[in-house]
Amino acid sequence: MIKGNKTDSNRPIYISVMIGIISGLILILLLSLILSFVMTVVDFPQLLVSLSATLSFSAGGFLTGVISAKLNKNKGLLIGALAGLFLFLLIALIGLLVAGGGIGTKFIIRFPVTVISSAIGGIIGVNLGSKRNVL
């Protein structure tokens, strides 16, 4: 039962979300490093590079949702989507500060992909390891 800003695990919600975001960022960074290495060895078409980056956002978002919701222990869809939103906003802010530029089609595509995959991860994360009697 949620009371105030705490969950069943006596952990504030923002701690669960922050841990999930850090995990998702690490996964995105690792996948980006692997993709960069592969691109130095193999000639990738631009479409495949963009698709791979979007898939790494999706994987990072999914992990963010799973971990945030598992630590939170309830409201997986909401916590997952919220964590995905903050994950994407953090990545977008870093991207804008480092590379400059503005909002383009890749931003518009990757935003819902990240949030939706995080929400799905949140649903799965809440249900991971729960031992409930079905009958």
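Sorted by class, the residues lining the largest pocket come out as 16 nonpolar, ten polar and two charged. This is a predicted model, and the pocket holds about 760 Å³ of space. Helix 1 (13-41), helix 2, helix 3 and helix 4 each give two or more residues to that lining. Of the 28 lining residues, Ala-53, Phe-57, Ile-91, Gly-95 and Arg-110 lie nearest the pocket's centre.

Arg-110 turns up again in helix 4, where it is buried. Among the other buried residues of that helix are Ser-117, Ser-118, Gly-121, Gly-122 and Gly-125. What do the buried residues of helix 4 pack against? Their partners are helix 2 (46-72) and helix 3 (76-99).

How do the helix lengths hold up? Here are two of them, with the expected span set beside the distance between the end C-alpha atoms.

| Helix | Residues | Expected span | End C-alpha distance |
|---|---|---|---|
| Helix 4 (105-127) | 23 residues | 33 Å | 34 Å |
| Helix 2 | 27 residues | 39 Å | 39 Å |

The spans agree for helix 4 and for helix 2. Right after helix 2 comes Lys-73, with a positive phi near 75 degrees.

Now for the rings. There are three aromatic pairs. Phe-88 and Phe-111 make an edge-to-face pair, because their planes sit at 65 degrees, with the centres 5.3 Å apart. That pair ties together distant parts of the chain, since Phe-88 is in helix 3 and Phe-111 in helix 4, 23 residues apart. Phe-88 is buried at 3% relative accessibility, while Phe-111 is partly exposed at 31%. Ring pairs also join Phe-57, Phe-88, Phe-107 and Phe-111 into a cluster, and Phe-57 is one of the residues nearest the pocket's centre.

Terms used: Residues are numbered from 1 along each chain as its sequence is written. This is a predicted model: local features need pLDDT of at least 70, side-chain atom pairs count only at pLDDT 80 or more; totals for chains, interfaces and linings use all residues. Side-chain values use heavy atoms; hydrogens and water are left out. Helices (H or I, at least four residues) and strands (E, at least two) are DSSP runs, numbered from the N terminus. The expected span of a helix is 1.5 Å times one less than its number of residues. Buried means under 20% relative accessible area, exposed over 50%, partly exposed in between (1.4 Å probe, protein chains only). Contact means heavy atoms within 4.5 Å. On a 1 Å grid over the protein atoms alone, a cavity is a set of points where a 1.4 Å probe fits but cannot get out, and a pocket is an open set with protein on both sides within 12 Å along at least five of seven lines; lining residues have an atom within 4 Å of a point. Grid points are joined across faces, edges and corners, and a volume is the space filled by probe spheres set on the points. Ala, Val, Leu, Ile, Met, Phe, Trp, Tyr, Cys and Pro count as nonpolar, Asp, Glu, Lys and Arg as charged, and the others, Gly among them, as polar. Rings of Phe, Tyr and Trp (its six-membered ring) pair if their centres lie within 6.5 Å; planes under 30 degrees apart count as stacked, over 60 as edge-to-face and the rest as tilted.
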